[in-house]
Amino acid sequence: MIKRIIGEVKPYRILILTLLIVSTGILILQDYSRLTKDFSKLMSFLTKVRLKAMQNDVILITQFMGKNVIVKNGKTGNVLDSLHVSTLNKINYDTKLGKNMIVFSGRGTSPYNIRIHGGDMTLKSWFGFRKNIAVNCTGLVTECLYPEDLAILEENSD
């Protein structure tokens, strides 16, 4: 009875099923690897911008435009650097100069932040894997989300 339902087990059917399973696994691993690489590149990029702003005591504006991150000189507006982040999904960081940007200065980001303690961004892969980066009021870049309890406190204080 079972043999009739499944049909005769043939080697080519086993091979096709094996190839489908292995291909799906490889695709998922590549997707996660892409997310991890983008995360590392963005963390490094933001950290370098912070250090450059602190070392030279200059204002550097990091603007998120779609999947691109652009760094501009705060005085001249000249583009200094850029980075494409294919997994960039959501920006939750606003400043007094505009939305979806971080303003780094020699004294951190706090003089320009709308939210006192900073904000965050989310990277998301095709299969739904996520990584989060938070930038706090000093400009420190870490792997996490902006704490929800701080967001609620800030909203209630307005």
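These are my notebook entries on a predicted model, one topic at a time.

**Entry: the long N-terminal helix**

I began with helix α2, which covers residues 11-56. UniProt, in an unreviewed entry, puts a "transmembrane region" at residues 12-29. I checked that span in the model: it is 100% helix and 0% strand, and its end C-alpha atoms sit 26 Å apart.

**Entry: a nonpolar patch**

Next I looked for nonpolar surface. L27, I28, Y32, W126, F127 and F129 make a patch of about 620 Å². I picked Y32 for a closer look, and found that this residue belongs to helix α2. Its relative accessibility is 39%, so Y32 goes down as partly exposed.

**Entry: salt bridges**

How many salt bridges are there? I get a count of 4. I wrote up three pairs.

R34 and D31 come first in my notes. Their side chains meet with an N to O distance of 3.3 Å. Both residues lie in helix α2, 3 residues apart, which is about one turn of the helix. Buried or exposed? R34 is buried, and D31 is buried too.

Then I turned to R107 and D57, where the closest N and O atoms are 3.5 Å apart. This pair links distant parts of the chain: R107 is in the loop between β7 (101-104) and β8, D57 is in the loop between α2 and β1 (60-65), and 50 residues separate them. I noted R107 as exposed because its relative accessible area is 62%, and the cut-off for exposed is over 50%.

My last pair is E143 with K131, at 3.6 Å between the closest N and O atoms. E143 sits in the loop between β10 and α3 (148-157) and K131 sits in strand β9 (residues 130-135), so the salt bridge ties together parts that are 12 residues apart in sequence. On accessibility the two ends fall into separate classes: E143 has a relative accessible area of 49% and is partly exposed, whereas K131, at 13%, counts as buried.

**Entry: the open sheet**

In what order do the strands of the open sheet run? I read 4 strands in the order β4-β8-β9-β10, with antiparallel pairing. The edges are β4 (88-92) and β10 (141-142), each of which pairs on one side only. I followed the edge at β4 further: 4 bridges join β4 to β8 (residues 119-124), and the two run antiparallel. For a specific contact I took I91, whose bridge partner in β8 is M121. A reminder to myself while looking along these strands: in a regular strand, side chains alternate between the two faces of the sheet.

**Entry: a hairpin**

I also looked at β2 (residues 68-73) and β3 (residues 79-84), which are antiparallel and joined by 5 bridges. N68 stands opposite H84 in β3. The two strands form a hairpin with 5 residues between them, and G77 in the turn has a positive phi of about 80°.

**Entry: cysteines**

How many disulfides turn up in a search of the whole structure? I found 0. I still logged two cysteines for their accessibility. C137 has 23% relative accessibility, so I count C137 as partly exposed. C144 is also partly exposed, at 32%. For reference, partly exposed falls between the buried cut-off, under 20%, and the exposed one, over 50%.

Technical notes: Residues are numbered from 1 along each chain as its sequence is written. This is a predicted model: local features need pLDDT of at least 70, side-chain atom pairs count only at pLDDT 80 or more; totals for chains, interfaces and linings use all residues. Side-chain values use heavy atoms; hydrogens and water are left out. A disulfide is a pair of cysteine sulfur atoms within 2.5 Å. Buried means under 20% relative accessible area, exposed over 50%, partly exposed in between (1.4 Å probe, protein chains only). Patches are made of residues with over 30% relative accessible area and no salt bridge: like charges are joined within 9 Å, nonpolar side chains (Val, Leu, Ile, Met, Phe, Trp, Tyr) within 5 Å. Accessible areas come from the Shrake-Rupley method with a 1.4 Å probe; for residues, only the protein chains shown count as cover. UniProt positions are given in the numbering used here, feature names are shortened, and annotations may be inferred rather than shown by experiment. Two strands pair if DSSP finds at least two bridges between them.
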